[in-house]
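Here's a quick briefing on how this one packs together. Have a look at the model first, then read on.

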Amino acid sequence: MDGIWRVTATALRAPFTRQARADLAFCLLGALTGLIGFVVVAVVQLPALVISASGIGTLIGLALVVAGLLIGRRLGALHRWTLRKAAGELVTAPARFQPGSGLLGRLDRRLRDRDGWRAIGYAWVKLPLALAEGYAVVATAIGLAEITYPLIWVLFRNHPPGTKLGPLNAVFPVPSGHWTIATWPGTVSATLAGAASVVLGVWVARGLTRLDARVMLSLLGPSRVSQLERTRAIAVEDAVAALRRVERDLHDGAQVRLAAVALNLGMAQERATDNAQRELLDAAQAGVSGALADLRRIARGIHPPALDLGLADALASLAATSPIPVRVRVELAERPAAAIETMAYFCAAELLANAIKHSSANQIEILIDEERTGPLRVGVTDDGVGGADLARGTGLAGLAQRASTVDGKLDVSSPSGGPTTVTVELPMRVQAGGN
Amino acid sequence: MRVVIAEDAAVLREGLARLLSDRGHEVCAAVADAQGLREAVTEHVPDAVIADIRMPPTHTDEGLRAAVDIRRDFPATGVLLFSQYIETRYTARLLESGAGGVGYLLKDRVGNVAEFVSALERVAAGGTALDPEVVGQLLRRPDAGLASLTPRERDVLALMAEGRSNSGIAAGLTLSEGAVEKHIAGIFGKLALEPESADNRRVLAVLRYLRTAR
């Protein structure tokens, strides 16, 4: 018994809470924006489908689809705003749209705008939701009006006895929930029905707000894939930044200390008076030199200093140490993201090392350029014996795997007898594939 | 010698200042960044500058850029770059405007005080001092002319690139000066350097290494 009372009390108290007002405000706004949004999307999209399907005017159809996607994203922002302002629930926006380059690239990227399509999906799903939200608001409004019937009767129906009056209409917002009232005591039924209607409206609004918020979260929030893309990009960039920090710490820490030790040892060597001392100091000095050489090698494996000046300089420095002549060409309009630059450098370094070790080539070429539609290409070509195979050995497969962490790919062309070209494609930005 | 030191690590900056003062050189200023270096050089116009390549604020190549500017604006000031790394590209940029009055040494080289100071003196006097590592990297470069050098001639060219004089090379390789001159003539011939002034050809021969690195 106790439980039933508590539920009833909660149900009846609900209309007087701030939550109820927030839910109703959201339902009112949600119904309006939902209906308008649906009409707009439908007006843009249906002709697009018809026109495209008819085979003629595919271009117009495409333009309309693109317009629909743009509008879908805008509407999504409006819906999220409504939810936040009215009901105080936050749905994070999906990642910003990243336009492609070139007309086809732009169109392609736009048409594959997953979040745009999801937003359009929401516009359709929102139609029944908006109708239901409108119902909740109307039910509450009717209920509030009906509660006042006894008062209205007293104020406006206070005519002398015998006056002929039409009956009052009363409704309860369910099918065939309509009746008429002809006497004052009858208005009590309207009051009761009104109160019930308010409770019903408030609870329906509550349920719909929660449902709508969940639908928004799944269709207007960041998709799982784009969320993963984003966090993966952060992880990749963090890893590169962390290594960079290690290199800087080595440079400003251990390497400086060791150089200072070398300096002091040098000064001590100058003052050493007997041979035994001098021998010990020489040994210490040799140890310091060895340690510094080790640190240099480690640091270079983390971040070659010339990479600060860009890929062209870094690769020129790298090529300078090759026993086989290397031609380096870097044709980039702008510098890629730091993480990509580092990746491109180490890909080129590894491919160069492979070519030196296995190809018996006379000439190696490293070409870094940008495709018209975006990705950065690292190509290493040698005129050697060929026969490089992605399936054999772990080197190339490892490279392909590393490239795939940023949606890059690796391509090998190496017929027996050569020449060998290995191309690694990387996006210019870590998250270029995301949208 | 009047010297300005630019090095962001205090322990090395002070160590270098002490090392040079102990040897009777005057350290006009010891600064921690490239901006300070430019100001100190403008103020003191020293005989030589020792500059770290990687300094604040960007910790990339500001020392190198300052060095190139100083060589252009203060021809009497020699610049010795002092770095944890030898980058062939940096060497090429340093030498683009000529091979005199510049040096590029690994920081480890302060361990040999006598050689370090003599390298600095060479740079101050308008000579060159390149780290053996620079030369080592460049000798791995293929170049038809360079490839035809005998091992002995390569040794001579390596020391030449370090900025040594003929007698310095002779001492380094325990050869007679006459033999060194013969090897040098051989190098000039194989690199097809026209006989102009001997000094100029020395620079050209060294630059030949460096150019291939670009």
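**Packing around a helix**

In α9 of chain A, the buried residues pack against α8 and α10 (275–302) of that chain, along with α1 (10–22) and α5 of chain B. Heads-up: this is a predicted model, where local features need pLDDT of at least 70, side-chain atom pairs count only at pLDDT 80 or more, and totals for chains, interfaces and linings use all residues. Residues are numbered from 1 along each chain as its sequence is written, chains are lettered from A and ligands numbered from 1 in the order in which they are written, and side-chain values use heavy atoms, with hydrogens and water left out.

**Helix α9(A)**

- This helix covers residues 254–271 and has 18 residues (helices are DSSP runs of H or I, at least four residues; strands are runs of E, at least two; both are numbered from the N terminus).
- From first C-alpha to last it reaches 26 Å, close to the 26 Å expected at 1.5 Å a residue (1.5 Å times one less than the number of residues).
- Its buried residues include A:V256, A:L258, A:L263, A:L265 and A:M267; buried means under 20% relative accessible area, exposed over 50%, and partly exposed in between, with a 1.4 Å probe and protein chains only.

**Nonpolar cores**

- The largest nonpolar core (buried Ala, Val, Leu, Ile, Met, Phe, Trp, Tyr and Cys joined through side-chain atoms within 4.5 Å) has 41 residues, and A:Y345, A:I364, A:I366, A:L376, A:V424 and A:L426 touch the most other members.
- Among the elements of chain A that each supply at least two residues of this core are α8 (224–252), α12 (338–358), β4 (364–370) and β7 (420–426).
- The largest share, 11 residues, comes from α12(A).
- Leaving aside neighbours within four places in sequence, A:L426 has contacts (heavy atoms within 4.5 Å) that include A:I340, A:M343, A:L376 and A:V406.
- Another core lies apart from that one, with 32 residues, among them B:V49, B:V79, B:I86 and B:L130.

**Aromatic rings**

- Over all chains there are 3 aromatic pairs (Phe, Tyr and Trp six-membered ring centres within 6.5 Å; planes under 30 degrees apart are stacked, over 60 edge-to-face, the rest tilted).
- A:F38 and A:W124 pair edge-to-face, at 5.1 Å centre to centre and 85° between the planes.
- A:F38 sits in α2 (residues 18–53) and A:W124 in α5 (residues 114–147) of chain A, so this pair ties together parts 86 residues apart in sequence.
- A:F38 counts as buried because its relative accessibility is 16%, while A:W124 is partly exposed at 36%.
- B:F82 and B:F116 form a tilted pair, 5.7 Å centre to centre with 55° between the planes, and both are buried.
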